[in-house]
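Grab your viewer and work through the exercises below. Each one gives you a task and then walks through a solution.

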Amino acid sequence: PPIAIMTEKSFDMSRVAQGLTLGEGGIWYGQSSNDLHYPDDGHETTEDLERDSFWYRHRLRCLVALVQRFPPDGPFFDVGGGTGYMAKGLQDAGLTTVLVEPGRRGAQSAAKRGVAQVVCTSVDEAGFSDKSLASIGLFDVLEHVDEDRQFLGLLHRKLTPGGRLFITVPSYSWLWSSHDDYMGHQRRYTKKTLAAVLHSAGFQPEYLSYFFSLLPLPIWMLRALPSRLGLRRHHHDTRKNDHQVKNSVLSKLIDWSRKWEAGAMSRGRSLPLGASLVCVARVRPTDDELDT
């Protein structure tokens, strides 16, 4: 169902950003400063995966459920959103969405996909004004950043007082494998470590949960353990196979799990286990704001 918030048919980017120039294809460009670790063929491979991947579909479904439960008070900025799969999905659900992607290939793919507002640069180089963004999405991005605390601090400065950050990250260091090396991950998180870094950057988690509850055991058996034994080296062909389920019984089980998890999130229930984490965090009031 459509997200029950007020949305804007057109959004004036100059209201929030000073360092952008509107270019060909309706994409806003700035001077890129990409400090993410990401494979060279990452966007091309991701586009192939997104077409048939249960993982991307389920992540979107869960985030739509959470955005409906915690509706943003203004346009939603999907930071590091790659080829725009999440941005387009949220846009289709009725949310005014802006994709911020430093990779030119990803930004152009997102514009072709139909994302209405695309910014091709990094958050700092875009010139977003402090306290100007009502909500930011960070979907499987933070694990690629060298200094996660500093990056979250940058986003904190850009959000309005009480603004929200929606974030997903991979979970559990014991699930580390050659897949993480290939993808340029710097770390995996637990509820405790994610909450700690968010709190240190000035955020207060409102909702924090694991999801993809069925995947930790298969990931351990098919990725983590073989990697430890030197039996598996990750490349894009195996990654594509990981995102497709051909067994009909397993497919039905995954479908049931996806519906159950999305339903639990829509009711605000936190799940105790999963291969990923999802969090909705709010900008914590300063002491001066609390006094007033």
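## Exercise 1: Two loops with an unusual phi

Tyr172 sits in the loop that links β7 and α7 (178–183). Keep in mind throughout that this is a predicted model.

**Task.** Work out what is unusual about the backbone of Tyr172, which is not a glycine, and decide whether Tyr172 counts as buried or exposed.

**Solution.**
1. Start with the background: most residues other than glycine have a negative phi.
2. Now check the torsion. Tyr172 has a positive phi of about 65°, although it is not a glycine.
3. Then look at the surface. The relative accessibility of Tyr172 is 10%, so Tyr172 counts as buried, because the cut-off for buried is under 20%.

**Task.** Do the same for Phe212: in which loop does Phe212 lie, and what is its phi?

**Solution.**
1. Phe212 belongs to the loop between β8 (203–211) and α9 (216–228).
2. Its phi is near 60°, which is a positive value in a residue other than glycine.
3. With a relative accessible area of 5%, Phe212 is buried.

## Exercise 2: Who surrounds His58 and Pro170?

**Task.** Place His58 in its secondary structure element and find which residues His58 is in contact with, leaving aside neighbours within four places in sequence.

**Solution.**
1. Helix α2 (residues 54–69) is where His58 lies.
2. A relative accessible area of 1% makes His58 buried.
3. Leaving aside neighbours within four places in sequence, His58 is in contact with Phe211, Phe212, Arg258, Glu261 and Ala262. You met one of these in the previous exercise: Phe212, with its phi near 60°.

**Task.** Pro170 and Asp140 are 30 residues apart in sequence; how far apart are they in space, C-alpha to C-alpha?

**Solution.**
1. Find Pro170 in strand β7 (residues 159–170).
2. Pro170 is buried, at a relative accessible area of 5%.
3. C-alpha to C-alpha, Pro170 and Asp140 are 7.1 Å apart in space.
4. Next, list what Pro170 touches, not counting residues up to four places away in sequence: Asp140, Glu143, His185, Arg187, Arg188, Tyr189, Ala275 and Ser276.

## Exercise 3: Classify two helix pairs

**Task.** Classify how α2 is oriented relative to α3, and say which residues make the contact.

**Solution.**
1. The two axes come within 10 Å and cross at roughly 45°.
2. That angle makes α2 oblique to α3, because it is neither under 35 degrees nor in the 65 to 115 range or over 145.
3. The crossing of α2 past α3 is right-handed.
4. On the α2 side, the contact uses Tyr56, Arg57, Arg59, Leu60, Leu63, Val64 and Val67; on the α3 side, Tyr85, Met86, Gly89 and Leu90.
5. Sorted by class, this contact has 8 nonpolar, 1 polar and 2 charged residues.

**Task.** Repeat this for helix α6 (residues 148–158) and helix α8 (residues 191–200): at what angle do they pack?

**Solution.**
1. The angle is about 50°, and the axes are 8 Å apart.
2. That makes α6 oblique to α8.
3. The crossing of α6 and α8 is right-handed.
4. Asp148, Arg149 and Leu152 of α6 meet Val197, Leu198 and Ser200 of α8.
5. By class, the α6 contact with α8 comes to 3 nonpolar, 1 polar and 2 charged residues.

## Exercise 4: How covered is α3?

**Task.** Helix α3 spans residues 85–92; how many of its 8 residues are buried?

**Solution.**
1. The count is 6 of 8, so helix α3 is mostly covered.
2. The buried ones in α3 are Tyr85, Met86, Ala87, Lys88, Gly89 and Leu90.
3. Step just past α3 and you reach Gly94, with a positive phi of about 110°.

## Exercise 5: Cysteines and the whole chain

**Task.** How many disulfides does the model have?

**Solution.**
1. Look at the burial of Cys120 first: at 3% relative accessibility, Cys120 counts as buried.
2. Cys279 is buried as well, with a relative accessible area of 1%.
3. Apply the rule that a disulfide needs two cysteine sulfur atoms within 2.5 Å. The count comes to 0 disulfides.

**Task.** Zoom out: how many helices and strands are there in the protein?

**Solution.**
1. The protein has 12 helices and 9 strands.
2. Of its 292 residues, 54% are buried.
3. Take the contacts with a separation of 6 or more: residues 24 or more positions apart account for 77% of them.

Technical notes
Residues are numbered from 1 along each chain as its sequence is written. This is a predicted model: local features need pLDDT of at least 70, side-chain atom pairs count only at pLDDT 80 or more; totals for chains, interfaces and linings use all residues. Side-chain values use heavy atoms; hydrogens and water are left out. Helices (H or I, at least four residues) and strands (E, at least two) are DSSP runs, numbered from the N terminus. Buried means under 20% relative accessible area, exposed over 50%, partly exposed in between (1.4 Å probe, protein chains only). Contact means heavy atoms within 4.5 Å. Axes are lines fitted to C-alpha atoms, for helices over the stretch in contact, and angles run from 0 to 180 degrees between N-to-C directions. A crossing is left-handed if the near helix is turned anticlockwise from the far one by less than a right angle, and right-handed if clockwise. Ala, Val, Leu, Ile, Met, Phe, Trp, Tyr, Cys and Pro count as nonpolar, Asp, Glu, Lys and Arg as charged, and the others, Gly among them, as polar.
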